[in-house]
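Trainee: I have a structure open on my screen and would love a guided close look at one part of it. Could you walk me through what you see?

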Amino acid sequence: MDKASVNAKAAREEGKHNLPFAFRQYSPEQLKEALRKMYLIRRFEEGAEESYTRGFIHGTMHLSIGQEASAVGISLPLTDDDMITSTHRGHGHCIAKGADVSRMFAEFFGKETGYCHGRGGSMHIADVSKGNLGANGIVGGGIPIAVGAALSMKKQKTGRVVISWFGDGANNEGAFHEALNMASVWKLPVIFVCENNGYGMSTSTKRATAVPNIADRAAAYAMPGIVVDGNNLSEVAEASHEAVERARRGEGPTLIECKTYRHRGHSKSDRNRYRTKEEIEDWINNRDPIRLFEEQMQEYGVINAAGIEAVRADVEREIEAAIEFAKTSPSPDIASLTRDVYTDLP
Amino acid sequence: MDTTIRELSYAQAIQEAMAIAMERDERVFLMGEDIGVYGGAFQVTGDLVHRFGEDRVMDTPISELGGAGVAVGAAVTGMRPIFEFQFSDFAALAMEQIVNQAAKMRYMLGGAVSVPLVMRFPAGSGTGAAAQHSQSIEAWLGHVPGLKVVQPATPHDAKGLLLAALEDPDPVMIFEHKLLYKMKGPVPEGYYTTPIGKAEIRREGKDVTIVATAIMVHKALEAAETLASEGIDAEVIDLRTIRPMDRETVIASVKKTSRLICVYEGVKTLGVGAEVSAMIAESDAFDFLDAPIIRLGGAETPIPYNPELEKAAVPQVPDILKSARDLVNGVR
Amino acid sequence: MPVEVILPKVDMDMETGRISRWYAKDGDAVTKGQLLFEIETDKAAMEVDAPASGTLRDISAAEGATVPVGQAVAWIFADGEEYTPTGKSDATPEATPKAAPAEMESAPHPYPLPAGGEREASASPPPSSPRSRGEDAGRQMRGNDEAPRATPLARRLAVKAGLQLADISGSGPKGRITRRDVEANIAVSSPMPAVKESLASTADAPLHAVWLRQGNDPSAMPLVLIHGFGADLNSWRPLFAGIQVDSPVLAVDLPGHGSSTRDIPENLDAVAEQVERTLSAHQIGPFVLVGHSFGGAVAATITDRGNADARALALISTAGLGPEINRAFLEGFVGARSEASLMPWLKQLVVDDSLLSKPFVNATLAQSADEGLRAAQKVIVDSYFADGTQTFDIRPALASLRIPVRVIFGAGDRIIPAAHVAGLPGEIATHIFAATGHMPQLERREQVLRIIQELARATA
């Protein structure tokens, strides 16, 4: 056991109130799993990027590298029964909510074994069985749907909550405002999570949004608006925990703003003309959410370097196997083109 | 006047048209998402922001409904906005302003105002962008009196129709097929317009008329070459405008060839081909039909992601070949 | 005052009736008691006779129309009575105040018939009732009781050329008539420059003949078709319905049949000579000859005579191979005047009587209404099939032929026994189809067509 962990263990034993939230709230196993998921997202995105470059993946993709803490941190208090709506930058949400990366890759490769049987691709990826109501190609498209799901949960008295992720760009869509208002009026169990990565495609929040923080919008709809460091898993998890508890208590929605950054461009065709190299490198080198969490974990003795290495190796194997699964999976039958346009009647 | 004709891409031709318009007319300005430093999702506005400044090349927030409405308001009050939707699919977010406001404002106010609004819609499939970024929704807007709807198929027409749209006192919706943006073709320098409401015969023929829109014009032309080698002489009409439609050109052609195929990427049912077919069936050309009319339109499905499924969801050259052969050989 | 012809109530609970067939057309002179039209009700077909003598005018309900009971469907003007339009629309509501106007279920003749009739240039005598017969042949080809299937262009061209769609064989899907089909008919029936010369000489053709097809390949060797007893050239149309053929196809009406002369030559040689002159008038070079039943005997005789350049011969259910023939059929067929009396005989023609479509029956009935035609056919029965015996023998002719010959029979033929093929020369190919009657070209259409086409190709 290294020195840092010894200190951390001592600190935990002396008084938990000095520890960051996640380290008080979750067991070392849960924290290791959180790290594994963040790493799985990172490696999934990198694997997808490489496969895209090799021509295995059609269309375009929006990578969430750099935003893993938001996906995983928000999901920590959730159960499999809780639901989410996601965005075009939704791979991380999908993995955080428990999807199998093999079937995700298969979807990206357009295969029949993919979650959407090759119909949806990156932009519509979802494991509905895990409560994911879908990534979305329309900015803000998922927000009212999440409100509807929350209304449904409330009417059915299921006790489940709904997370709606969206980007900073979405906060200027009419749907955002209309949905937040209704969620608040009806005190629905929904948590709005804005992943503010600073840019709606190329347009900075400063140029597009009249308020300094997206969370400031909450005031207009009489709900709590929380700003957190979206790259700090514990902070994200804490905000999520409180919002989920509040929602489960029937006290209504919360708006959480995770300040974060995407390391890659908006999509595969982005030439990064609107932000500087220095800015990008600063976020990569100094504010990487995974490195930050690894350091915290080591500091508080939850994991050591060998443990981290083991997690990485484990994820590596999982990604390799997943890509292999996707490559060798069958393509959809062309004759099935119009399948699932309508529900099959019995 | 001597005009030089160069090869430009479809995207360059549109950009040139917008630049010419902004130089000629101070009232013209551009609005859209990421059309400034980013240059537009398809690099159509390119570096225009550097030439004309952010006041005339305005990045909007991601607010399609509001943005469209702002453009309507500016158009009614003396400006000449060109509004770019990042994808034509996003027009769904702005339908209220397009359909209920822009299209009807002049009529509702008894002719007291005009809405000289130009909107541009990158449209169509083939990019792997799946169901919400690949649609061909021109027929939605073609159904709305008050709007004019054009689908340029060549760089020449992309420029000419945009400049014509700016001259038009009423709202003109321009659908630009995304796969055409990189296509090159001859484009005259300087100012010219291509008439709205006028179809163009791209290839003359006597055996079968193929009425096509947008990228399907090129597929039809490719098919026509193959058909020619088989002794089938196809006439290819580029419809160019779907509202108001050029009835005369199509009717005259069908009277000549006695056979009609409509090829369009939008969903087949209730689409552009339905209108063309019905128009022929109601016209003088009916008595000249020697075979059923064939519509080749998009499949009755959202656009799928998988590339093979995606291809299967819209008409392709072999579909046109088969239809033409079937009609001419009396198999269908 | 003209006499009203109404749709009579012929059944207890009958409110409307569907006119399935007219036996007279506008402008025809009719005699009181003459069969005017036939009504189909749920239960039966009923015949309606002319209520008066005179000229039939103003037929307001076409074939296929469903008409309320009691409504006027035509008027008869007495001889010498001045024709004034009867104002059908006024008369109708008076007759049945609450009745709806005639409702067209189908429209056999969407275009008005042109004045001057059809086939003006045809050398044959004017047909007795070409419209109804031709139409029904067309219907038979389409296999059910519907209007001719034709493209708008074909319809327009047909009207312009004075052609009846029903007389045109459709080469398109489901027998659809297209421009090509109409033009093929115009080519033989109108004085177009390209065919003027042959038309001039068809004036010498003693028999009526029609090009059923121009053929995809005009240089291909033509097929010449000779129908059997009691049929006419239209009986070949179903064989070619809806398919493309390379060879031009000429079909001939035998004497005493279709639109040909009613004078019956006294022997097969004389019939063959008439056909030869007809072919020569149509400038037929080398050709493939196909004959059915009695027409088979004629065909064999033609090839034996050697005057015409027949390069191959197909004989379907041919006569002339033996003495037996179904005498009851011949007599019953020629004597039948109603559907009820005709049907049992027609059923003897085929194994599967579902092939006997209503239009087919009606077409045959229409012929039976033509007294001159039936009289001529009686003469044929009396001379060629005297006392139920085939009085001619084509075996000697076949024995001497040096061209490819195919003989096609149905094993279940109840008119001429298939056993007659026994003992033919070894080089003659025989095709016997099981579960097939006297009409292999109808009952085994695809196979018969294939045999004929093979023959044509092999000969070319």
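Trainee: Across the interface of chain B and chain C, how many residue pairs are in polar contact?

Mentor: Happy to help, and please keep in mind that this is a predicted model. Across the interface of chain B and chain C there are six residue pairs in polar contact, counting pairs with both residues at pLDDT 80 or more. Salt bridges, on the other hand, number zero across that interface. On the side of chain B that touches chain C, the residues divide into seven nonpolar, four polar and four charged. The contact itself involves 15 residues of chain B and 13 residues of chain C. Together the two chains bury about 970 Å², with carbon and sulfur atoms giving 44% of that area. Asp287(B), Asp290(B) and Gly330(B) supply 46% of what chain B buries against chain C, more than any other three residues.

It helps to set this beside the interface of chain A and chain B. There, 39 residues of chain A are in contact with 37 residues of chain B, and the buried area is about 3000 Å², of which carbon and sulfur atoms give 60%. His58(A), Met201(A) and Leu337(A) supply 23% of the area that chain A buries against chain B, more than any other three residues. In this interface the rule finds 15 residue pairs in polar contact, again with both at pLDDT 80 or more. Two helices of chain A, α6 (101-108) and α9 (205-208), each supply at least two residues of the side that touches chain B. That side of chain A divides into twelve nonpolar, 19 polar and eight charged residues. One salt bridge crosses between chain A and chain B: Arg207(A) pairs with Asp59(B), and their closest N and O atoms are 3.0 Å apart.

Since you asked about contacts between chains, let me also show you some within them. Side chains of opposite charge can pair when their charged atoms come close. Over all chains, the structure holds 46 salt bridges. One of them joins Arg36(A) and Asp314(A), at 3.5 Å from N to O. This pair links distant parts of the chain, with Arg36(A) in helix α3 and Asp314(A) in helix α13 of chain A, 278 residues apart. Arg36(A) is buried, at a relative accessible area of 18%, whereas Asp314(A) is partly exposed, at 32%.

Another salt bridge lies within helix α3 of chain A, between Glu46(A) and Arg43(A), whose closest N and O atoms are 2.6 Å apart. These two residues are separated by about one helical turn, because they sit three residues apart in that helix. Glu46(A) is partly exposed, at 26% relative accessibility, while Arg43(A) is buried, at 17%. Asp270(A) and Arg262(A) also meet in a salt bridge, at 3.9 Å from N to O, and both of these residues are buried.

Back in chain B, you can find a network of salt bridges that links Asp157(B), Glu200(B), Arg202(B), Asp238(B) and Arg240(B). While you are in that chain, look at Glu176(B), which is in strand β7 (residues 172-177). Glu176(B) counts as buried because its relative accessibility is 2%. Setting aside neighbours within four places in sequence, Glu176(B) is in contact with several residues, among them Tyr10(B), Arg120(B) and Tyr181(B).

Terms used:
Residues numbered from 1 in each chain as written. Chains lettered and ligands numbered in written order. Predicted model: local features only at pLDDT ≥ 70, side-chain atom pairs only at ≥ 80, totals over all residues. Heavy atoms only, no water. Contact = heavy atoms within 4.5 Å. Buried area = accessible area lost by both parts, 1.4 Å probe. Salt bridge = Lys/Arg side-chain N within 4 Å of Asp/Glu carboxyl O. Polar contact = N/O pair within 3.5 Å; in protein donor to acceptor, adjacent residues only side chain to side chain. Helix = DSSP H or I, 4+ residues; strand = E, 2+ residues; numbered from the N terminus. Nonpolar A, V, L, I, M, F, W, Y, C, P; charged D, E, K, R; others polar. Buried < 20%, exposed > 50% of the residue type's maximum accessible area, 1.4 Å probe, protein only.
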